[in-house]
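Below is a short report on a predicted model. It covers salt bridges, a metal site and one helix.

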Amino acid sequence: MDLFKILTYPNPVLRRHCEEIKNIDEELHLIVRRMAATMYKAKGIGLAAPQVGILRQIITLDIGEGLLTLINPRITLHEGEAKMEEGCLCLPKITVEVPRYEKVQVRGVDLDGNQVTIDAEGLLARALQHEIDHLHGRLIIDKVSRLKRDLIIKQYKKLNANGDNT
Ligand code: NI
């Protein structure tokens, strides 16, 4: 299967808002299969469609418990707070300590068009919040102070200066 190319910061596509999906058709199934293959190849635990240049509300996740695909995901409840180091396939070679809700309830639609509700905590809660952020143009570097962000971006540019990232 053809893999998608993963866009990297500062590609402006990563800052765009994604459209809600109205129709679950064969094209969408194909996009999801390619997204999952791309995520596994990159050894990521989550991928959002805008990371591969598709501005639609689709996320794939696998925290080691099997593939989870969600269409139009929303956080409907949240509880507590926790900080943890996170990486992102769009920001190679860096990690950022990100505050998130400790527990979330997420609602969305699966590939069969059924409404699903997920009550998550720990790594799954974190990964869901991270990927949902991508659908609204938000990245992990937005979650820290301006000063810290400037330092992280400087470090990121240095570490990726010789890469072939776009
Ligand atoms: Ni990410």
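## Salt bridges, nickel site and helix 3

The whole structure of this predicted model holds 10 salt bridges. Three of them are listed here, with the closest N to O distance.

| Acidic residue | Basic residue | N to O distance |
|---|---|---|
| D142 | R15 | 2.7 Å |
| E86 | R100 | 2.9 Å |
| D133 | R138 | 2.8 Å |

Take R15 and D142, whose side chains meet in a salt bridge. R15 sits in the segment before helix 1 (26-41), and D142 in the loop between helix 2 and helix 3, so this pair ties together parts 127 residues apart in sequence. R15 is partly exposed, at 36% relative accessibility. D142 is partly exposed too, with a relative accessible area of 30%.

The salt bridge between E86 and R100 joins two strands. E86 belongs to strand 4 and R100 to strand 5, so the pair ties together parts 14 residues apart in sequence. Both E86 and R100 are buried.

D133 and R138 form a further salt bridge. Here D133 is buried, at 6% relative accessibility, whereas R138 is partly exposed at 36%.

Some of these residues belong to a wider set. A network of salt bridges links E86, R100, R126, D133, R138 and K143.

Now the metal. Which protein atoms are the donors of the nickel ion? They are C88 (SG), H130 (NE2) and H134 (NE2), lying 2.0 to 2.2 Å from the ion. Along the chain, the donors follow the spacing C-x41-H-x3-H. C88 and H134 link distant parts of the chain, 46 residues apart. C88 lies in the loop between strand 4 (82-86) and strand 5 (96-100), while H134 lies in helix 2 (residues 122-135). C88 counts as buried because its relative accessible area is 9%, under the 20% cut-off. H134 is buried as well, at 2% relative accessibility.

Helix 3 (residues 146-159) comes last. Its 14 residues should span 20 Å at 1.5 Å a residue, and the end C-alpha atoms are 20 Å apart, which agrees. Buried in helix 3 are I152, I153 and Y156. Why do they lie on the same side of helix 3? They cover an arc of only 100° around the axis, so they share that side. An α-helix has 3.6 residues a turn, so residues three or four places apart point the same way. The buried residues of helix 3 pack against strand 5. The face turned away from the buried side carries the exposed residues L147, L151, K154 and K158.

Conventions:
Residues are numbered from 1 along each chain as its sequence is written. This is a predicted model: local features need pLDDT of at least 70, side-chain atom pairs count only at pLDDT 80 or more; totals for chains, interfaces and linings use all residues. Side-chain values use heavy atoms; hydrogens and water are left out. Donors are N, O and S atoms within 2.8 Å of the metal (3.2 Å for Na, K and Ca); water is not among the atoms, so sites may look incomplete. Helices (H or I, at least four residues) and strands (E, at least two) are DSSP runs, numbered from the N terminus. Buried means under 20% relative accessible area, exposed over 50%, partly exposed in between (1.4 Å probe, protein chains only). The expected span of a helix is 1.5 Å times one less than its number of residues. The arc is that of the directions from the helix axis to the C-beta atoms. Contact means heavy atoms within 4.5 Å. A salt bridge is a side-chain nitrogen of Lys or Arg within 4 Å of a carboxyl oxygen of Asp or Glu.
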